[in-house]
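Dear colleague,

I am passing on the structure below, together with notes on what was found in it. Please read the notes with the coordinates open beside them.

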Amino acid sequence: MFDLKNFKLITNIFIILLIGIKLITVINERTDEIFFVIWSLPFVIFSYFANKLSIKSYQSFCFILLIYFMSSSLRVFGITPYIFDLIELILIVLFFVHCMYGPKTIRSKV
C-alpha cells in the first residue's frame with residue numbers, strides 16, 4: 001500500500017490543490033483576499049502537524065473539514081453553481097476520507 005513518505009506527499013498535494021482552487025476564486029474576484037487568508041490558515045497549520053505524522057492532528061482536522069464541507073456545499077447547492085466550487089467540494093470529500101484513514105495508516109506503519 002502506501003508508505004509514510006507517500007502518505008505525507010498525498011496530504012500536501014491535497015492541501016496545495018485546495019488552497020490553489022480557493023486562490024483561483026480570489027483571482028476571479030468571487031472571494032475576498034482576507035477571507036482567503038482566514039480560510040487557508042487551518043490548512044497551513046495542519047500541514048505542519050501532518051508532516052510530523054501526528055495522529056491527533058488527522059483526527060481533529062476531520063472535524064474542521066466537516067465545516068469546510070458545509071460551507072462548500074452551501075455554495076454548490078444553494079446559489080449559482082460555479083465549477084471551482086464543485087471541484088473544491090470534491091477535493092474536500094476526498095481529503096476528508098484521506099484524513100479519516102490517516103491514523104490507521106500511520107499506526108500500521110510506525
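I begin with Arg75, which counts as buried because its relative accessibility is 19%, under the 20% that serves as the cut-off for that term. Please keep in mind throughout that this is a predicted model. Arg75 forms a salt bridge with Glu88, in which the closest N and O atoms are 2.8 Å apart. Since Arg75 lies in helix 3 and Glu88 in helix 4, the pair ties together parts that are 13 residues apart in sequence.

Glu88 has a further partner, for its side chain also meets that of Lys22 in a salt bridge, at 3.3 Å from N to O. Here the two ends are Glu88 in helix 4 and Lys22 in helix 1, so this pair ties together parts that are 66 residues apart in sequence. Glu88 counts as buried, at 1% relative accessibility, and Lys22 is buried with a relative accessible area of 1%.

Another salt bridge links Arg30 with Asp85, with 3.3 Å between the closest N and O atoms. Arg30 sits in the loop between helix 1 and helix 2, whereas Asp85 sits in helix 4, so the pair ties together parts that are 55 residues apart in sequence. Arg30 is partly exposed, with a relative accessible area of 42%, while Asp85 counts as buried at 3% relative accessibility. The structure holds 4 salt bridges, and those that share partners join Lys22, Arg30, Arg75, Asp85 and Glu88 into one network.

Which residues does Ser72 contact, once its neighbours within four places in sequence are left aside? They are Asp85, Glu88, Leu89 and Ile92, and two of these names, Asp85 and Glu88, have already appeared in the salt-bridge network. Ser72 itself belongs to helix 3 and is buried, with a relative accessible area of 0%.

Turning to the nonpolar interior, the largest nonpolar core has 24 residues, and those with the most contacts inside it are Phe43, Phe46, Phe95 and Cys99. Helix 1 (4–27), helix 2 (33–51), helix 3 (55–77) and helix 4 (83–100) each supply at least two residues of this core, and the largest share, 8 residues, comes from helix 1. If residues up to four places away in sequence are not counted, Cys99 touches Phe46, Tyr58, Phe61, Cys62 and Leu65. As general background, nonpolar side chains tend to be buried together in soluble globular proteins.

There is also a nonpolar patch on the surface, formed by Ile67, Phe69, Met70, Val93, Val97, Met100 and Tyr101, with about 640 Å² of accessible area together. Helix 3 and helix 4 are the elements that give two or more residues to this patch. Phe69, one of the patch residues, is found in helix 3 and is partly exposed, with a relative accessible area of 33%.

Two backbone positions deserve a look. Glu29, in the loop between helix 1 and helix 2, has a positive phi of about 60° although it is not a glycine, and Leu53, in the loop between helix 2 and helix 3, likewise has a positive phi of about 60° without being a glycine. For context, most residues other than glycine have a negative phi. Glu29 is exposed, with a relative accessible area of 72%.

Two C-alpha separations may help you to orient yourself in the fold. Lys109 and Asp3 are 106 residues apart in sequence and 7.1 Å apart in space, whereas Glu29 and Lys8, which are 21 residues apart in sequence, are 32 Å apart in space. Lys109 is placed in helix 5 and is partly exposed, with a relative accessible area of 41%.

Finally, a word on confidence: the mean pLDDT of the chain is 89, and 97% of its residues reach 70 or more. Among the elements of the chain, helix 2 has the highest mean pLDDT (93), and helix 5 (residues 102–109) has the lowest (83).

With best regards

Definitions and conventions: Residues are numbered from 1 along each chain as its sequence is written. This is a predicted model: local features need pLDDT of at least 70, side-chain atom pairs count only at pLDDT 80 or more; totals for chains, interfaces and linings use all residues. Side-chain values use heavy atoms; hydrogens and water are left out. A nonpolar core is a set of buried Ala, Val, Leu, Ile, Met, Phe, Trp, Tyr and Cys residues joined through side-chain atoms within 4.5 Å. Buried means under 20% relative accessible area, exposed over 50%, partly exposed in between (1.4 Å probe, protein chains only). Helices (H or I, at least four residues) and strands (E, at least two) are DSSP runs, numbered from the N terminus. Contact means heavy atoms within 4.5 Å. pLDDT is the predictor's confidence in each residue, from 0 to 100. Patches are made of residues with over 30% relative accessible area and no salt bridge: like charges are joined within 9 Å, nonpolar side chains (Val, Leu, Ile, Met, Phe, Trp, Tyr) within 5 Å. Accessible areas come from the Shrake-Rupley method with a 1.4 Å probe; for residues, only the protein chains shown count as cover.
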